[in-house]
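Me: Can we go through this assembly together? I'd like to start with one of the contacts between chains.
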Amino acid sequence: MRLRLTPREDSFYDLFAQSANNIVTASRLLVEIISDGSDRDALAEKMRACEHAGDEHTHAIMKRLNESFITPFDREDIYRLASNLDDVTDFMEAAADLIVLYQIEHLPKEVVLQVEVLERAAELTADAMPRLRSMQHLNEYWIEINRLENQADQVYRRLLAKLFSGEFDTLTVMKMREVIEQLEFAADAFEHVANTIESIAVKES
Amino acid sequence: MRLRLTPREDSFYDLFAQSANNIVTASRLLVEIISDGSDRDALAEKMRACEHAGDEHTHAIMKRLNESFITPFDREDIYRLASNLDDVTDFMEAAADLIVLYQIEHLPKEVVLQVEVLERAAELTADAMPRLRSMQHLNEYWIEINRLENQADQVYRRLLAKLFSGEFDTLTVMKMREVIEQLEFAADAFEHVANTIESIAVKES
Amino acid sequence: MRLRLTPREDSFYDLFAQSANNIVTASRLLVEIISDGSDRDALAEKMRACEHAGDEHTHAIMKRLNESFITPFDREDIYRLASNLDDVTDFMEAAADLIVLYQIEHLPKEVVLQVEVLERAAELTADAMPRLRSMQHLNEYWIEINRLENQADQVYRRLLAKLFSGEFDTLTVMKMREVIEQLEFAADAFEHVANTIESIAVKES
């Protein structure tokens with residue numbers, strides 16, 4: 001039986017939940033940014049705000065770690081989970097920034113599939129955070145994140161094949177490749193979050 | 001003196017050995033895939049089977065971790081080693097999939113050198129697995145993997161220089177770059193496996 | 001109050017300091033290599049020597065780890081910090097090697113900004129090493145490395161946008177992209193060093 005947590009420990013869960021909710025917001029901004037006719041400059045600005053919010057959640061977790069005598073799980077794992085969540089936002093912000101920087105007018109429609117996978121992974125991650133308290137019922141989360149990551153790989157590789165089909169001019173191919181690579185890194189980063197949570201659960205088992 | 005292991009603990013070593021043997025199979029499929037006149041679709045299908053087998057070994061290790069009270073070394077390290085081995089197969093499978101997807105007819109002959117390094121690293125890794133039991137005689141394994149990784153870097157960089165020499169058309173360059181990058185990631189992933197084993201040995205020392 | 005360290009433990013700090021000083025040397029070689037009119041072959045040769053020196057520092061740390069009964073912080077963290085420092089030198093050496101291999105005559109002037117960030121990060125890292133002894137006053141180091149890494153991201157993305165602007169021919173774009181990517185990896189690697197030090201400090205707190 002686990003001991004009841006003190007309010008102080010509890011706050012780690014709240015901070016992780018906030019960090020994950022911030023990722024959901026970022027993923028929805030991505031959906032908007034890749035929609036035709038969206039105000040990309042304004043959305044990229046919101047995305048930057050999201051990334052700053054992510055940094056602040058991460059720093060709040062680190063500060064709390066330094067102040068806490070007791071932590072709900074290993075300090076090192078708290079540290080790693082916070083970093084992994086931060087990485088997701090960073091890759092999403094990078095993708096948004098590059099779309100604006102390169103002034104890419106039309107993205108291939110398969111990018112929508114990439115971003116939808118990210119949105120779904122963000123929602124699953126946010127849903128899983130409250131379950132860190134009990135470390136129960138996380139199995140379905142890992143399985144689904146792994147399935148989504150495989151799906152993201154397939155979409156990404158097929159998008160690359162399309163980019164290299166001869167349909168686009170060289171500079172467009174290069175620009176789009178950078179963008180979809182950041183989106184692929186974001187999908188990988190969700191898997192790293194899930195792996196960290198799985199490794200915490202393994203230790204607590 | 002180390003205590004005698006229980007059969008239960010022993011099974012971790014068996015699972016790691018299976019995972020490493022699976023990587024040897026994958027590396028040999030790569031050798032075949034890049035050979036002229038091979039049936040690439042059939043071989044890529046076998047590679048996908050290999051990747052699924054790899055996933056199953058990884059999940060078997062995770063499941064065993066959750067069920068085991070005593071483990072031969074830190075849970076976290078077992079977790080990391082399983083993940084590192086899984087990464088190797090994933091990169092090899094990605095390379096094979098991209099070769100088929102892009103319908104690359106002729107690969108530069110230096111790709112053979114890249115793949116031979118991977119095959120050698122796979123064999124060394126599989127050979128090292130039984131020595132995890134005693135943690136003895138692993139030194140030569142690390143040194144050789146590091147040497148192979150340096151060699152892989154040299155081959156990779158010289159291949160890039162050849163791709164960018166003006167000899168190939170732009171789309172071909174881009175496609176081949178993606179393929180050889182996955183092969184380079186696989187070489188790096190072997191080094192991560194060796195690093196994890198080295199860090200386990202350091203802790204046990 | 002921390003116990004006084006034995007001379008044996010002290011030597012870890014000396015080895016980390018040497019490894020970081022070697023990175024400062026490597027960063028200054030990079031500054032020279034990208035300067036117009038420099039003898040690149042000779043400088044790349046010196047860079048290779050730097051990378052070998054880095055490998056030797058890393059191996060000395062690993063050897064010491066294996067021989068030491070008591071270590072100033074967790075074995076695993078010493079291992080990770082040594083690896084992270086090694087990565088920085090590896091990426092810098094890769095960038096230098098590619099500049100020579102591709103025979104790139106003129107690099108865009110913004111590459112100077114990238115390399116200056118690396119030189120500053122190297123100096124900060126070397127300055128921070130003696131503070132590992134007390135784990136005091138490391139805050140400003142993390143904050144500044146994070147700021148530099150954000151700056152490096154901005155410079156890198158703007159450099160990519162410039163490469164893709166149509167100003168350069170395709171092969172030149174591809175070659176320069178590989179070089180600036182290695183420099184960006186080096187900037188990321190400095191952040192990994194800082195993250196590892198932060199996570200050690202978190203544990204010791």
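Me: How many residues does each chain put into the contact of chain C and chain A?
Reply: Chain C puts in 24 residues and chain A 19. Keep in mind that this is a predicted model.

Me: Which residues of chain C lose the most area to chain A?
Reply: Arg157(C), Phe164(C) and Val202(C). Together they make up 37% of what that side buries.

Me: And how much area is buried between the two chains?
Reply: About 1,800 Å². Carbon and sulfur atoms give 56% of that.

Me: How many salt bridges across the interface of chain C and chain A?
Reply: Six. One of them joins the side chains of Arg157(C) and Glu93(A), at 3.3 Å from N to O. There are also four residue pairs in polar contact across this interface.

Me: Which helices of chain C supply at least two residues each to that side?
Reply: α3 (75-101), α5 (139-163) and α6 (170-204). α6(C) gives the most, with ten residues.

Me: How do the residues on the chain C side divide into nonpolar, polar and charged?
Reply: Nine are nonpolar, seven polar and eight charged.

Me: Switching to symmetry. What rotation superposes chain B on chain A?
Reply: One of 120 degrees, with 0.0 Å of shift along its axis. The RMSD is 0.0 Å. That is the relation of a three-fold axis.

Me: Which residue of chain B comes closest to the rotation axis?
Reply: Thr170(B). Its C-alpha is 4.4 Å from the axis.

Notes
Residues are numbered from 1 along each chain as its sequence is written. Chains are lettered from A and ligands numbered from 1 in the order in which they are written. This is a predicted model: local features need pLDDT of at least 70, side-chain atom pairs count only at pLDDT 80 or more; totals for chains, interfaces and linings use all residues. Side-chain values use heavy atoms; hydrogens and water are left out. Copies are superposed by least squares on the C-alpha atoms of residues with pLDDT of at least 70 in both. Contact means heavy atoms within 4.5 Å. Buried area is the accessible area (1.4 Å probe) that two parts lose on being put together, summed over both. A salt bridge is a side-chain nitrogen of Lys or Arg within 4 Å of a carboxyl oxygen of Asp or Glu. A polar contact is a pair of N or O atoms within 3.5 Å; within protein, one must be able to donate a hydrogen and the other to accept it, and residues adjacent in sequence count only if both atoms are side-chain atoms. Helices (H or I, at least four residues) and strands (E, at least two) are DSSP runs, numbered from the N terminus. Ala, Val, Leu, Ile, Met, Phe, Trp, Tyr, Cys and Pro count as nonpolar, Asp, Glu, Lys and Arg as charged, and the others, Gly among them, as polar.
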